[in-house]
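Visitor: Got a minute to walk me through this one? I'd like to jump straight to the details.

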Amino acid sequence: MSAAPTPNATDGWTVLTEPLTAWGSSPVWRGIEDRLYWLDTSVGRVWRLHVPSGRAEAWDLPQPASALVPARQGGWVLVLRDSIHHATQWRMPTQRLAQAPFDTRLQRFAAAQCDPWGRLWVGTRGEGTALGTGGALYCLRPRDRVHPELALARAGVGTTDGLAFGTDGRMLYRCDMAAAALHTLPLISGGHWPVQLGMPLPLWRPDAGEPMPGRPSAVAVDSVGRCWVALHEGARVVCLSPSGQVVAELPLPACCPTGLCFGGRDLRTLFVVTSRQHRTAEELASHPASGAVLAHPMPIPGLPPATYWD
């Protein structure tokens with residue numbers, strides 16, 4: 001695809017692309033390439049943007065994916081609604097790692113993230129009338145065999161829309177849009193197997209009395225342990241202290257941020273992917289960057305992306 005227009009600056013944000021995505025998700029910074037990768041979950045497309053040149057390229061998948069995670073040897077893990085797959089390179093055929101151990105008419109895989117020990121954590125969300133109910137967290141072992149073990153870590157946690165680990169990997173943060181909350185779950189077992197995950201506890205909820213409270217849709221952690229949370233329909237990103245206090249807010253020129261990560265050569269850039277799906281003409285007019293990729297300089301670096309050990 002041709003290079004994007006000259007980036008626009010909006011209240012500290014740089015708009016890096018045209019509105020390319022209906023529902024952006026799972027942004028990942030790959031520093032060796034100076035590229036940002038992300039998903040459009042609504043159409044099954046992986047995008048990548050070479051940030052210095054503004055050149056964007058697309059990879060169309062055979063079916064929609066819900067999460068994109070980097071692998072240690074340079075490839076990718078793609079989480080589909082009913083299975084988890086591995087690709088050795090960009091646009092290469094995928095190989096199935098694991099099949100969903102549940103009825104995919106009622107649930108599907110959703111957000112995913114890796115811990116410091118190379119394991120993949122995947123949440124689920126309900127389908128149809130089950131939307132917002134049930135939900136579980138699964139953990140996939142590093143690839144020590146063709147089909148590594150996929151274990152149930154905790155059931156009954158609700159919908160999972162975003163995942164991130166704390167600085168030492170022993171705290172899991174989970175966004176739940178249906179509950180409009182950010183939860184924490186301690187990883188009691190650390191890097192040991194089988195995994196042992198503690199009870200979920202609410203860390204923060206948006207103030208329902210605000211004009212656009214929004215719902216936590218994605219979370220990223222910086223190097224001092226603060227959580228940066230994207231608020232779907234909230235047109236902003238908030239920064240939370242480890243105790244859950246709001247310490248900063250960044251208003252956005254997009255109504256619905258749906259994914260975020262740290263990147264850039266020093267990890268001092270916050271990248272945000274956004275959604276324009278189901279937005280009205282009025283909302284798109286007032287938030288013209290909906291569906292685009294945004295970038296904001298940060299004073300404190302984030303954590304490097306964790307990889308799946310393939």
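Visitor: Where does Ser 26 sit?
Guide: Ser 26 is part of strand S3, which covers residues 24-30. Bear in mind that this is a predicted model.

Visitor: What's up with the phi of Ser 26?
Guide: The phi there is positive, about 55°, although Ser 26 is not a glycine.

Visitor: And is Ser 26 buried or exposed?
Guide: Buried, because its relative accessible area is 15% and the cut-off for buried is under 20%.

Visitor: Which residue in the loop between S23 and S24 should I look at for phi?
Guide: Try Leu 267, with a positive phi near 60° in a residue other than glycine. The loop holding Leu 267 runs between strand S23 (256-263) and strand S24 (269-275). Leu 267 counts as buried too, at 17% relative accessibility.

Visitor: Okay, backbone again. What is the peptide bond from Trp 193 to Pro 194 like, cis or trans?
Guide: That one is cis, with omega near 0°. Pro 194 belongs to the loop linking strand S17 (181-186) and strand S18 (201-204).

Visitor: Let's do hairpins. How do S5 and S6 run, and how many bridges join them?
Guide: They run antiparallel, and six bridges hold S5 (residues 45-50) to S6 (residues 55-60). If you want a pair to click on, Arg 45 is opposite Asp 60 in S6.

Visitor: How many residues lie between S5 and S6?
Guide: Four residues separate the two strands of this hairpin. In the turn you'll find Gly 54, whose phi is positive at about 80°.

Visitor: Switching to sheets. What's the strand order in the open sheet with S19 in it?
Guide: The order is S19-S20-S21-S22, four strands with antiparallel pairing. S19 (215-221) and S22 (246-251) are the edge strands; each has a single partner strand, so one side of each has no neighbour in the sheet. From one strand to the next, the twist averages 25°.

Visitor: How many bridges join S21 to S22?
Guide: Five bridges, with S21 (residues 236-240) running antiparallel to S22. One pairing to look up is Val 237, whose bridge partner in S22 is Leu 250.

Visitor: Now charges. How many salt bridges are there in the whole structure?
Guide: The search turns up 20.

Visitor: Show me a few. What does Arg 105 pair with?
Guide: Asp 103, with N to O at 2.8 Å. Arg 105 is exposed at 67% relative accessibility, whereas Asp 103 is partly exposed at 31%.

Visitor: And what about Glu 283, which partner does it have?
Guide: Its side chain meets that of Arg 279 in a salt bridge, 3.2 Å from N to O. Glu 283 is partly exposed, with a relative accessible area of 24%, but Arg 279 is buried at 15%.

Visitor: Which residues are joined into one network by shared salt-bridge partners?
Guide: Glu 33, Arg 35, Arg 48 and Glu 57. Within that network, Glu 33 bridges to Arg 35, the closest N and O atoms lying 3.4 Å apart. Glu 33 counts as partly exposed, at 23% relative accessibility.

Visitor: What's the disulfide count?
Guide: Zero.

Visitor: Why no bond for Cys 139?
Guide: Because the closest cysteine sulfur, in Cys 114, is 9.0 Å from the sulfur of Cys 139, too far for a bond. A disulfide would need the two sulfur atoms within 2.5 Å. Cys 139 is also buried, with a relative accessible area of 0%.

Visitor: And why none for Cys 227?
Guide: It's a distance story again: the closest cysteine sulfur is in Cys 239, 8.1 Å from the sulfur of Cys 227, so it is too far for a bond. Cys 227 counts as buried at 1% relative accessibility.

Visitor: Last one. Where is Ala 285, and is it buried or exposed?
Guide: Ala 285 is in helix H1, residues 281-286. It's exposed, with a relative accessible area of 60%.

Visitor: How far is Ala 285 from Ala 254?
Guide: Their C-alpha atoms are separated by 9.9 Å, and the two are 31 residues apart along the chain.

Note on methods
Residues numbered from 1 in each chain as written. Predicted model: local features only at pLDDT ≥ 70, side-chain atom pairs only at ≥ 80, totals over all residues. Heavy atoms only, no water. Pairing = 2+ DSSP bridges. Buried < 20%, exposed > 50% of the residue type's maximum accessible area, 1.4 Å probe, protein only. Salt bridge = Lys/Arg side-chain N within 4 Å of Asp/Glu carboxyl O. Axes fitted to C-alpha atoms, helices over the stretch in contact; angles between N-to-C directions.
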